[in-house]
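Please open the model in your viewer and keep the sequence panel beside it, since each stop on this tour begins with a selection.

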Amino acid sequence: MKYINLISIVFLFIIIFNNSIYVQSKPCKIAVLLSGDFSDLGYNYQFNEARVKTESILKLTDFSLYYKNLDESEEISDAAFKDAIAKGANLIVVASSGQTEMGIKYANLYKDQDIYWIIKTSARPTDDLPKVAVLDFNTDRAHFALGYFSGKMSKTGVVGFVSPGDYLASNGNAYYLGAKAARSNITFVTTFTGSWFNPEVAYKAAQMLISNGADFLGMSQDDMSVQKAVIDSGSLGLGVTGYPTRLIYGSANIGLSYITDWTDVFVKYATHVINDTWPAYDYYKTSLNPGGSLLFDDYSYLVPQDIRTLVDNEIEILKNESFLPFRCNPMYVDIGYKLNVNGCISYDEFESNKQVLKGDNLSKTINFGTYTIPIEFVDYSRSMKLGITITSSICILFCIISIIIVLVFRTARIIKSASPAFLFLILVGCILIFIGCIIFSQSPSEGTCRARVWLLSIGYTIFLGSLLVKNWRIWLLFDNPKLKKRSITNWKLYPWVAGILAADVLILAFWQGLGNIRSESRIGIDSLTKYQYSNVCTSDDQGAVALYILLVFHGITLLVACFISFKIKVVDIDEFNESKPIASSVYIITFCLFIVIPLMVSPQSVASQVTTICVCAIVTTLISILLLFGSKFYKMITQGVGLNQTFASSSKSSSFSQSLEKQKKTGEEDDSESSEENGGQKKVIVTQQSVLAHFSSDTEDDVENEEKEQIQEIDKEEKEENENKENLQSDNFELNSPSVVQLKRLSNQLNGEVEIDSNNI
C-alpha cells in the first residue's frame, strides 16, 4: 500500500511538472526583424516560420511581431526597433547582419529593462550586454560541401559565387576550396551585388557569371534569384537559402540544398525568457551536427549515385568540428595571412577576410567586383516604327502621284472646278502630316521633338486652312439670295491661308523660343524597371502655355470649318459637290479628336500615346484624301477627262445649256425649259442672251477684260428685260437654289475669272 501511495505521489508530481512547462511565469512576446520579405521562401521565410512554430509550441498568449524589408533604409529599420519595443516585445530577434549595429545600439539603450535579444553576428559585442545572445550563422561548412558537389558535377570546369559584398568573401572562399577539393583545376568566378536582397541585380549578376562559363553557382543571397538564373540556363541549381527549394522548382532542377531550421533556437531562448533563466552572454553557432540548425536535403534524381556517395562522405567528415579545410590552405598566404602551426588561419581572420583567394598553378579565380546592372535604353518597338513609317511612306507616295495628276490634268473639268492651286496646297499639307508621323514614331531627340511638332501643326494648318477657305467661298456664293455681286478669286483667298499659317508659325515659334522643346531621359515611366530608361519630349512651363494656345487655335479652326461645312450642306450640284467631301473630312478629324483627347488624358505609356497620335493622324488624313481626290479620279476614269470643257457640261447645267442651243436654232424667242423643285424660290429669267463662262486660269487677264466689256453691254439691256418680264411670266422657269447665276459665278471664281453681275444674264 505504501508503494502504491508513493507511485501516486510521483505520478502526480510528473503531471504537475509537465504542465508547469507551459505555464508562463513571465510573458514572452517575440519580434523578428527581417532583412527582406518572408515570402522569399528562403532565409527570411525560415526565420518567420520559426517564429510561428515557436508561438504554437509554447502556446504564447502574447502574439508575436514581425518586421520585413529592414535593409531598404535606416529609417525603416529604426522605426521597426522603436515599434517593437513600444508594443511590448521582450524577445527581439535581429535576423539580418545589416541590422547588427542598430540591434546592439538598442540593446544598450534598454539593457536595464527586461528585454532580451538574439542578434545575428559572428562575435560577441564588446559592450557589456548579458541579455544579448549571439547567433553565429556559420555556413562555411555548408558552402564547402556545396562547392564540393559543384566541382564534381560541373561540365565546364567553371563555378561561381554571388554574395552581397566582399565582407562575405569567407563564404565564397569556402565554396571555391570545396570545388577545388573535388576538381583541382577548377576555375572560380565571383561577383558582389551590394545587397542581401535585390532579386534583379542578383539575377543579372548570375547571368554575367554564366556568360563567363560557370554552370554551377553558390551564393549568400536571401532569395533564389541566382539559382533561378542557373536553372534558366539549363543547369542544376543549388538550395542555398535554408529552404528546401526542390519543393518549389522540382527535384529535377535542384541538385542539392542545405536547410536551416531555427525553431529549436527560438523555443530554447523563449523558454529562458518565460522561466527567467536567460543564459548571460550566450553564444550559439550553427553546425551540421544534430541540433545545429543545419542539414542537407535530398539530391536531385539527376545526380549520379557515385557523386552522391562522394558528397555524403565529405559531409560526414565536415561534421567533425576540428576539420577546417576552408581555413587551412596555403593560398591564404598569398593574400597576406600567416598560417598557424596547423597550417590554418584563425576563425576571426577567416570571418573578417574581404579578399578572394587568388588561386594557384592549377586553378584560377576571377573577381568581377561589385556588379551593377547596365542602364538599358528602351526605345519604341521596332514593329511600331516600321508600321507607321511604311504606312506613312505609302501615303506620301499616293500624295505625290495625286500632285502629278492634278498638275497634268489641271485643265480637266473636274480638276479645274476644284481649283488646282488649292488641291496642290492640300496635298502638300498632307505630305507634311505624314512626314511628321514618321518623325513622331522615331526615338525622341532634340531635333525630332521640335521637327514633329512643326511638321504636324503646319501640315494640318495648310490642309485645314485650304479646306476652310474653299468652303468659305462656296458658302458666300451660294448663300446669296439677293444675287449680289461678289468677286472671290483665288488670289483673294491665298492671303487668308497665309494668315492662318502665319498665326500657326507664330505660336510654334513662341513655344520653341520660350518653352525650350527638348528630349529628356527618364526612368520609372510606363512599365520600365529601375534599370531602364527612355527618352521623352518635354518643354518648360511656358511651353505648356504655348501648347494650350496651339490646341485652342486648331480647335477654333476646326469649329469654324465645321460651321461652314454645315452651312453648305444643302449644295447639291455635281460640279461643286466637293463641299460634301470637305465637310466629311472636317467631321472625321473632329470626331477623332473626341477619341484622341480622352486617350491622351487617360493613364497610358508614352509609346501608346505616340501610336495613338500617329494612327489617328494617318487615318484622318488618308480618309480625307480619298474623299477629296478619290471621287475626282474615279469620275475622270469613268466619265472622261473633259479638257477645257465649260461649266455647262455637268449634269444639271448641261441640260439647261442644251435647251438654250435649241432655242437659238429654232428661233423660238421665249421658249425655255423651266423646273421647280422647291416652292417659294426666286424665279430667274433666262433669255437667248444668256452666256455661260468658260474655265480659265488666274493669269488670263485678256479674257477677263473682254468679259467685263460684255457685261457692260448686257447691263444696258437690263431695263428692257425688266419691262418684258411680266410678258414672259408664263414661259419663265424656276431654278433650284443655287441659281444658274450662282453656278456661273462660282465656276468663274473658282478659276480666277471675273465676277458676273446677276443682271448681266
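In this predicted model, begin by selecting helix α7, residues 199-211, together with helix α8, residues 225-232, whose axes come within 7 Å of each other and cross at roughly 40 degrees. Because angles under 35 degrees would count as roughly parallel, this crossing makes α7 oblique to α8. If you turn the view until one helix lies in front of the other, the crossing to look for is a right-handed one.

Next, show the side chains where the two helices meet: on the α7 side these are Pro199, Ala202, Tyr203, Ala206, Gln207 and Ile210, and on the α8 side they are Ser225, Val226, Lys228, Ala229, Val230 and Asp232. Coloured by character, the residues of this contact divide into eight nonpolar, two polar and two charged.

Stay in α7 and centre the view on Ala202, which has its place in that helix. Is Ala202 buried or exposed? Its relative accessible area is 0%, and because buried means under 20%, Ala202 counts as buried. Leaving aside residues up to four places away in sequence, Ala202 touches Thr193, Gln221, Ser225 and Val226. Select Pro164 as well, and you will find its C-alpha atom 8.9 Å from that of Ala202, although the two residues are 38 apart along the chain.

The next stops concern aromatic rings, of which the structure holds 22 pairs. Select Tyr106 and Tyr110, which form a stacked pair with their centres 6.4 Å apart and 10 degrees between the planes. Within this pair Tyr106 is buried, with a relative accessible area of 4%, whereas Tyr110, at 24%, counts as partly exposed.

Move on to Tyr116 and Trp278, an aromatic pair that is tilted, with 4.9 Å from centre to centre and 35 degrees between the planes. Which parts of the chain does this pair tie together? Tyr116 lies in strand β4, residues 116-120, while Trp278 lies in the loop between α10 (263-275) and β11 (283-285), so the pair ties together parts that are 162 residues apart in sequence. Both Tyr116 and Trp278 are buried, and you may therefore need to hide or fade the surface to see them, because buried means under 20% relative accessible area.

For the last stop, select Tyr43, Phe47, Phe137, Trp262 and Phe266, and display their rings together, as these residues form one aromatic cluster.

Conventions:
Residues are numbered from 1 along each chain as its sequence is written. This is a predicted model: local features need pLDDT of at least 70, side-chain atom pairs count only at pLDDT 80 or more; totals for chains, interfaces and linings use all residues. Side-chain values use heavy atoms; hydrogens and water are left out. Axes are lines fitted to C-alpha atoms, for helices over the stretch in contact, and angles run from 0 to 180 degrees between N-to-C directions. Helices (H or I, at least four residues) and strands (E, at least two) are DSSP runs, numbered from the N terminus. Angles under 35 degrees count as roughly parallel, over 145 as roughly antiparallel, 65 to 115 as roughly perpendicular and the rest as oblique. A crossing is left-handed if the near helix is turned anticlockwise from the far one by less than a right angle, and right-handed if clockwise. Contact means heavy atoms within 4.5 Å. Ala, Val, Leu, Ile, Met, Phe, Trp, Tyr, Cys and Pro count as nonpolar, Asp, Glu, Lys and Arg as charged, and the others, Gly among them, as polar. Rings of Phe, Tyr and Trp (its six-membered ring) pair if their centres lie within 6.5 Å; planes under 30 degrees apart count as stacked, over 60 as edge-to-face and the rest as tilted. Buried means under 20% relative accessible area, exposed over 50%, partly exposed in between (1.4 Å probe, protein chains only).
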